[in-house]
Amino acid sequence: MTWNGEELDVDAYLARLGHTGGTKPDLDTLRALHRAHVTAIPFENLEMMLGRPVPLDLAALQDKMVRARRGGYCYEQNLLFAAALERIGFDVTGLGARVRAGATTTRAVTHMLLRVEADGEQWHCDVGFGGDGLLEPIPMRGGVEVRQGEWRFRTRQEDDGALVLQTWRSDGWFDLYAYTQEPRLPVDYVVMNHYTSTHPKSSFIRRPVMQRVAPDVRRRLTGTQFSVTFPDGSVTERDVPVGELRSVLDREFGIELDDTDVAELIRVHYAGA
């Protein structure tokens, strides 16, 4: 499996992340890059809101998330991360997950995550799950419990062998997604991406979603509502008026849009709000 890492401008990628440390293919580097990526590049679905396709070729991903101050969602983020890791020398395998996140029925496999080999162990990496996602890799096996910043995560192995990633909330452990070890190819993500970015039942085409995680706070903008979640479970929420949208995108999520995109986003963002 190849992630076209040879096509990546690795210096520009590292600069986008603000990473100035080493780039040996070891666990220290993997942890540092994972944390730098999720804190520097936000989760967002604005291309869909702007009526555009979501290309997954590496050139497009670099133009959007490395050269411009934009983010992306799971396929974009993890494909870029996979290419960077491959370029550095890691062994990277793509996997697929069924998102749970409070669902009462079984969902299709529509989420991308990565299995990465480092220091003789397999690591669960995922820079594309948004506000509830991992800050750093965790061992890819059941029974793991870790604290990352102020957030807690654990994995649980189910009877069928699937691994479930959970995060701690004020009312207990909460399932984020379940996945198996079946390798997925880049073409599989093209199909998943087409469904997620175009299907009428996809939640990602209904309203803008921006998310950003930090070691001590999780920020979200869903529709017109901006929320900040703290480790003790407390949440502050407020509506974002149209005149503040641009500044909120920049200040809270590090997303820069030009005048045309701002005008179009306002048109769809506040339609019926």
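Which helix holds the place of Ser 197? That would be H6, a helix covering residues 186-198. Keep in mind that this is a predicted model.

**Around Ser 197**

Ser 197 is buried, because its relative accessible area of 13% falls under the 20% cut-off. A polar atom of the Ser 197 side chain sits 2.6 Å from the backbone oxygen of Asn 193. Leaving aside residues up to four places away in sequence, Ser 197 touches Met 48, Val 54, Tyr 73 and Ile 205.

**Strands E10, E11 and E12**

Now for the strands. E10 (residues 209-214) and E11 (residues 217-222) run antiparallel and are joined by six bridges. Strand E11 also pairs with E12 (residues 225-229), again in the antiparallel sense, this time over five bridges. Here are the two pairings side by side:

| Strand pair | Bridges | Residues standing opposite |
|---|---|---|
| E10 and E11 | six bridges | Val 209 and Thr 222 |
| E11 and E12 | five bridges | Arg 219 and Val 228 |

What about the connections? E10 leads into E11 through a hairpin of two residues. E11 and E12 make a hairpin too, with two residues between them. In that second turn, Gly 223 has a positive phi of about 65°.

One thing to have in mind when looking along these strands: in a regular strand, side chains alternate between the two faces of the sheet.

So what does E11 pair with? It has E10 as a partner through six bridges, and E12 through five.

Methods:
Residues numbered from 1 in each chain as written. Predicted model: local features only at pLDDT ≥ 70, side-chain atom pairs only at ≥ 80, totals over all residues. Heavy atoms only, no water. Pairing = 2+ DSSP bridges. Helix = DSSP H or I, 4+ residues; strand = E, 2+ residues; numbered from the N terminus. Buried < 20%, exposed > 50% of the residue type's maximum accessible area, 1.4 Å probe, protein only. Polar contact = N/O pair within 3.5 Å; in protein donor to acceptor, adjacent residues only side chain to side chain. Contact = heavy atoms within 4.5 Å.
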